[in-house]
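Notebook open. I am going through this structure one lookup at a time and writing down what I find.

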Amino acid sequence: MTIKPLIILPDPLLRQVSAPIERVDAELEQLIDDMLETMYEAPGIGLAAIQVGVPRRLLVIDLAKEGEEPAPLVYINPEIVKSSDERSVYEEGCLSIPDYYAEVERPASITVKSLGRDGKETVTEADGLLATCLQHEIDHLNGVLFIDHISRLKREMVIKRFTKAARQKI
């Protein structure tokens, strides 16, 4: 397994829409393992393939708390097929926007259709943190960042801060 470098804002790759995955094969299995290792190392609870520079519709999540046994979840070509009218607010962060957090309002529960690691279709009914995390990661696959759900003024300030930091690294 390999820890992959994370793509950080303002990299335009984060705005790219990811392509569907055609087949589950050894190469995809390796990418899944690398993404899980990268997510655990970061540390984070979710990671979309685009965040490691791979524009494919794949995400991994693990909501196990520290000290608990890892419980990795893999979603290939995930699609939200149903969202509740009820809303919930969580403070979100993102491995591609390090050390920035903001409250985001999203549907409280969702239904996601996807393929599992074994290539078989699965349907996930999610609420709470899992629903928020799935929506956050699926947004990544569509070129949307969590800061797109906050006020324009706050979003522009974050983008400006990360653009300035990126210029200073050059």
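How many disulfides does the structure hold? I looked and found zero. I note here that this is a predicted model.

**Cysteines.** I checked Cys-94 next. Cys-94 is in no disulfide. Its nearest cysteine sulfur belongs to Cys-133, 10 Å away. A disulfide needs the two sulfur atoms within 2.5 Å, so I leave this pair unbonded. From the other end, Cys-133 is in no disulfide either, and its nearest cysteine sulfur is that of Cys-94. Are these cysteines buried or exposed? Cys-94 has 9% relative accessibility, so I put it down as buried. Cys-133 has 6% and therefore also counts as buried.

**Core.** I then turned to the largest nonpolar core. It has 16 residues. Those with the most contacts inside it include Leu-28, Ile-32 and Met-35. Leu-47, Leu-58, Val-60 and Ile-76 are on that list as well. Which elements give two or more residues to this core? I noted α1 (26-41), β2 (58-61) and β3 (73-83). The most comes from α1, which gives six residues. As background, nonpolar side chains in soluble globular proteins tend to be buried together.

**Ile-32.** I picked this residue out of the core list and asked what it touches, not counting residues up to four places away in sequence. Ile-32 touches Leu-58, Val-60, Val-74 and Ile-76. Arg-117 is on its contact list too.

**Asp-34.** I stayed in helix α1, where Asp-34 is found. Is Asp-34 buried or exposed? Its relative accessibility is 4%, under the 20% cut-off, so it counts as buried. I looked up its contacts with the same exclusion of residues up to four places away in sequence. Asp-34 touches Met-1, Thr-2 and Lys-4.

**Strands.** Last, I followed the pairing of β3. How many bridges join β2 to β3? I count four, and the two strands run antiparallel. For Leu-59, I found the bridge partner Tyr-75 in β3. I then went on to strand β6, residues 109-115. β3 and β6 pair over five bridges, in the antiparallel sense. Here Ser-83 stands opposite Ile-110 in β6.

**Wrap-up.** My entry on β3 now has three parts. β3 gives two or more residues to the core. It is joined to β2 by four bridges. It pairs with β6 over five.

How values were computed:
Residues numbered from 1 in each chain as written. Predicted model: local features only at pLDDT ≥ 70, side-chain atom pairs only at ≥ 80, totals over all residues. Heavy atoms only, no water. Core = buried A, V, L, I, M, F, W, Y, C linked by side-chain atoms within 4.5 Å. Buried < 20%, exposed > 50% of the residue type's maximum accessible area, 1.4 Å probe, protein only. Contact = heavy atoms within 4.5 Å. Pairing = 2+ DSSP bridges.
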